[in-house]
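Reader: Could you walk me through this one and justify the labels as you go? I'd like to see each value set against its definition.

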Amino acid sequence: MKFIHITDVHLVGDKGALNGLVPFVHLDACLNDVVQWHRDASFCVISGDLAEFAETNAYQALKMRLSSFPLPCFLMIGNHDNRTVFQSVFPKHPKDSNGYIQHRFEKNGCVFLFLDTKKEGRGVHEGQLCADRLDWLKQQLIQAKDKPTFLFLHHPPFNIGVPYVDNIRLQEVEEFAAALKHGQNIRHVFYGHVHRMTYVNWRGVPFTSLPSLNHQIPLNAASVQGEFCDEPAAYGVVQIEDDQLTVHFNTFLQRNSLHQT
Ligand SMILES: [Fe+2]
């Protein structure tokens, strides 16, 4: 089975530039690349920071694009999003009984759990899994039993050595770790937020993140002027087999043929 992971699209309502790049141009290029080369994927997930300023028209424009996208697409929210605005535009998107954008998807005997780590508050960028959301996770992991289980969340529970994002990671670290202990077969966790491609093994669980579709955060802050840089955007092509999980970091905007001389 194959699925597509996209994260941190940071769309803006006027469809213009953000940090010198145009998010909708990158999103369109990404979706077109997926349709051309990975139409056989089972689903697509966008793991938060859908809209930079959480504008209604940014979500509406995303909805319009996804209406012609052939894969099922699961949406998650991040620190830049607004849950109420998102749900006003996507009222039918799955959510849990408390209204959080959390849901379970099962296919080919695999369980996929999508979490909502958005913390309410203007200008709040750190992540939160409150008791209700953690309880939902715990119950889902118990129900999954020994089925291969894959988690998705926006904010990671660990530092990656980049203070810009380490300062706004998930806050409920030990609570999240305790919830994971209810999983019998957690194969992998996919996350966003850090605008970098990383592999992290945290407490025995493998995690991967992806670059943003728009602007990236440098590994060394002093290596660039300003906060962001133009390291390549990428989407993830994830292949799941019984004994293997493969993540391709597909830098779709940099794929020019080279002619041998
Ligand atoms: Fe982001």
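Author: Here is a run through the labels, from a helix to its strands and a few single residues. Bear in mind that this is a predicted model, in which local features need pLDDT of at least 70, side-chain atom pairs count only at pLDDT 80 or more, and totals for chains, interfaces and linings use all residues. Residues are numbered from 1 along each chain as its sequence is written.

Reader: What makes H1 a helix of the expected span?

Author: Helices here are DSSP runs of H or I with at least four residues, strands are runs of E with at least two, and both are numbered from the N terminus. H1 covers residues 23-37, which is 15 residues. The expected span is 1.5 Å times one less than the number of residues. For H1 that expectation is 21 Å, and the helix reaches 21 Å from its first C-alpha to its last.

Reader: How do you know which side of H1 is buried?

Author: A residue is buried if 20 or more other C-beta atoms lie within 10 Å of its own, exposed if 12 or fewer, and partly exposed in between, with C-beta atoms placed from the backbone. In H1 the buried ones are Pro23, Phe24, His26, Leu27, Cys30, Leu31 and Val34. They cover an arc of only 160° around the axis, so they sit on the same side of H1. That arc is taken from the directions from the helix axis to the C-beta atoms. Asp28, Asn32 and Gln36 are exposed on the other side. As a rule, an α-helix has 3.6 residues a turn, so residues three or four places apart point the same way.

Reader: What covers the buried residues of H1?

Author: The cover includes strand S1 (2-6), strand S2 (43-47), helix H2 (56-67) and strand S10 (235-241). S1 is itself mostly covered, with four of its five residues buried.

Reader: What makes S1 a partner of both S10 and S2?

Author: Two strands pair if DSSP finds at least two bridges between them. S1 and S10 have four bridges and run antiparallel, with isoleucine 4 bridged to valine 237 in S10. S1 and S2 also have four bridges, this time in the parallel sense, and isoleucine 6 stands opposite isoleucine 46 in S2.

Reader: Which elements make the right-handed β-α-β unit?

Author: They are S1, H1 and S2. Right-handed means that, with the strands pointing away from the viewer, the path from the first strand over the helix to the second runs clockwise.

Reader: What joins S10 to S11?

Author: Seven bridges do, and the two strands run antiparallel, S11 being residues 244-250. Glutamate 241 has glutamine 244 in S11 as its bridge partner. S10 and S11 form a hairpin with two residues between them.

Reader: Why is tyrosine 235 called buried or exposed?

Author: Tyrosine 235 has 24 C-beta neighbours inside 10 Å, so it counts as buried. This residue lies in S10. Two residues are in contact if their C-beta atoms, placed from the backbone, lie within 7 Å. Beyond its neighbours within four places in sequence, tyrosine 235 has contacts including Ile4, Ile6, Cys30 and Val34.

Reader: And glycine 161, why is that buried or exposed?

Author: Glycine 161 is exposed because 10 other C-beta atoms lie within 10 Å. The loop it occupies runs between strand S6 (149-153) and helix H5 (163-166).

Reader: What is the phi of aspartate 49 and of alanine 54?

Author: Aspartate 49 has a positive phi of about 55° although it is not a glycine, and alanine 54 has a positive phi of about 55° too. Most residues other than glycine have a negative phi. Aspartate 49 lies in the loop between S2 and H2, as does alanine 54. Aspartate 49 counts as buried because it has 26 C-beta neighbours inside 10 Å. Alanine 54 is buried with 20 other C-beta atoms within 10 Å.

Reader: What makes up the largest nonpolar core?

Author: A nonpolar core is a set of buried Ala, Val, Leu, Ile, Met, Phe, Trp, Tyr and Cys residues joined through C-beta atoms within 7 Å. The largest has 52 residues, and Leu11, Leu50 and Phe152 have the most contacts inside it. H1 supplies the largest share, five residues.
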